[in-house]
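Please find below my notes on this model, set out as numbered points for discussion. They begin with one strand and its sheet, and then turn to the other chain.

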Amino acid sequence: MEHAREIVLASADGTKPIRIHPPGEWKIRNVKIAGLLELKGFAPITIIKPAAAMRNRRLHSLAATLASKGLAKTRNHYVVWVAGSTRRHQYADLGLIRPFADPHRIEIARDEHDVDALLRSLTAKLEVLAERRAASSSVQREAITQRPSPLDQVRSVVAATKSLRAPSGKLSAPAVARLFGVSISKLAKWLHRSRQSLNKSPEADSLQQQLSYFERIARLGTVLDDPNDFRKWLRMANKELEGKTPLQLLDEGRWEVLADLVEDMLTGSPT
Amino acid sequence: MPDVAEFERVLATAPTIRLRRLVVRMLPYYWLAKEGSADFLFTSGKPNRFNVKGVDCVYFSEDGETARAEYLRLWSGSTGEHQPRVTYFARVQLQRVLDLTQEKTLASLGLTEEDLHRSWRLATSPTPTQVLGAAVSQQTRIPAIRYPSDAAREAGEAGANVVIFRNSIRTPDRIQILGPRKEPLQSWPQ
């Protein structure tokens, strides 16, 4: 279970063992250390303040148990041990960190002031991680909305662009350049690659996503069977494109707009 | 421009019409003939005049002439213009349709005639009609929009298109693709 902006403060008796001052939107939940083991999921930040009397061996055993339960296992969780201020815990640091898969997620504070400084840093890191997660899901959503076209299943439409594929079955940059009537240098410019890289790996996996837009555009070949007719269409001013030519759109990198237009043409969708 | 939420509020009481008629669509013959069959109610989720990316809907013209104007706008000047074409028909029965050919409906939505004909394909942010479509797709009172065809207007004709939103259509409303038998080839709701 994910806990947004929550800090769990664990102590031997579950009371507030230290005063901490996290940023305003972060909530603090006090729990017993023993209760940590019962949690179904961990908060983004877990602060553990063991009893001063706890022996190092027990402390290290606790760290190992928490690590085995998954504490600080994912990149969105951090642990702050408040230990080492007493003589007993002075040399406990290594054993508090060692059991955890990623030592970067484990911090050790000596006192409340240390904890506050660490909280400022950790909460900021977590905010940035959350932003990146959001951006990543938005990209994934975008990828999901790139649903397969109904034309992907139509054999005659798929067959119309067979010439764009190499014997390996992958889309080939030189074949795309040939059909679109442009040089490899021009295609490389559209794809933001170097001409050398296209020549060296014309069917590279990294090109396939980009070339798939050109394949969708080339489906116009199901109707404009002669490649010269297709290339003529690429150079014609188009009312649907506010008078621009399809080639201009390719220059502008608006391949998807053009691929969508071709799909409308083939499926007769009123616009 | 009203946002989706504002449109949604207006849609709750916006004037509507009842639509019971055949609608039509025209497309190139060759690929369909080779295939023999097709998904006539496919929704690609790609943007169009009344939908942003990801919204499932189908567009039809109200008559053959308008479908022809739509076809020609897309194919004019290419060798596809004079190739054989196919038309297919659907029967729609819709209790409440937002009719944007009526001035009072446009006024109730705060839209203008110009908004309806605004170019959308190269727009970098949703156009007013796309925002309206987004609002329609999120409710079920009104499953369709009737609007003047820009292609017909350009051809000097008067014609209308209909866009029907898949997630908004509920029985007894329906759209049926007509085939050789009494049973429709396809229909919504399924």
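1. Is S3(A) mostly covered or mostly open, and how many of its five residues are buried? In this predicted model, S3(A) is mostly covered, with five of its five residues counted as buried. The burial concerns both faces of the strand, since A:Ile45, A:Ile47 and A:Lys49 are buried on one side, while A:Thr46 and A:Ile48 are buried on the other. A reader who checks the side chains may wish to note that a lysine, A:Lys49, is one of these buried residues.

2. The setting of S3(A) is an open sheet of five strands in chain A, which follow one another in the order S2-S1-S3-S4-S5 with parallel pairing. The edges of this sheet are strand S2 (27-32) and strand S5 (106-109) of chain A, each of which pairs on one side only. From one strand to the next, the twist averages 20°.

3. On one flank, strand S1 (residues 6-11) of chain A pairs with S3(A) in the parallel sense, and five bridges connect the two; within this pairing, A:Ile7 has A:Ile45 of S3(A) as its bridge partner. Strand S3 (residues 45-49) of chain A is also joined to strand S4 (residues 78-82) of chain A, again running parallel, by four bridges. There, A:Ile45 has A:Tyr78 of S4(A) as its bridge partner, and A:Ile47 stands opposite A:Val80 in S4(A).

4. Turning to chain B, the model contains seven helices and seven strands in that chain, and from the N terminus on the elements run α-β-α-β-α-β-α-α-α-β-α-β-β-β. Of the 190 residues of chain B, 42% count as buried. Among the contacts in chain B with a separation of 6 or more, 73% are between residues 24 or more positions apart.

5. One helix pair in chain B deserves a closer look: helix H1 (residues 4-11) and helix H6 (residues 128-136) of chain B pack at an angle of about 60°, and their axes are 8 Å apart. Because of that angle, H1(B) is oblique to H6(B), and the crossing of the two helices is right-handed.

6. The contact between these helices is made on the H1(B) side by B:Val4, B:Phe7, B:Glu8 and B:Leu11, and on the H6(B) side by B:Val131, B:Leu132, B:Ala134, B:Ala135 and B:Val136. By residue class, the contact of H1(B) with H6(B) comprises eight nonpolar residues, no polar residue and one charged residue.

Notes
Residues numbered from 1 in each chain as written. Chains lettered and ligands numbered in written order. Predicted model: local features only at pLDDT ≥ 70, side-chain atom pairs only at ≥ 80, totals over all residues. Axes fitted to C-alpha atoms, helices over the stretch in contact; angles between N-to-C directions. Parallel < 35°, antiparallel > 145°, perpendicular 65-115°, else oblique. Left-handed = near helix turned anticlockwise from the far one by under 90°. Contact = placed C-beta atoms within 7 Å. Nonpolar A, V, L, I, M, F, W, Y, C, P; charged D, E, K, R; others polar. Pairing = 2+ DSSP bridges. Buried ≥ 20, exposed ≤ 12 C-beta atoms within 10 Å, placed from the backbone.
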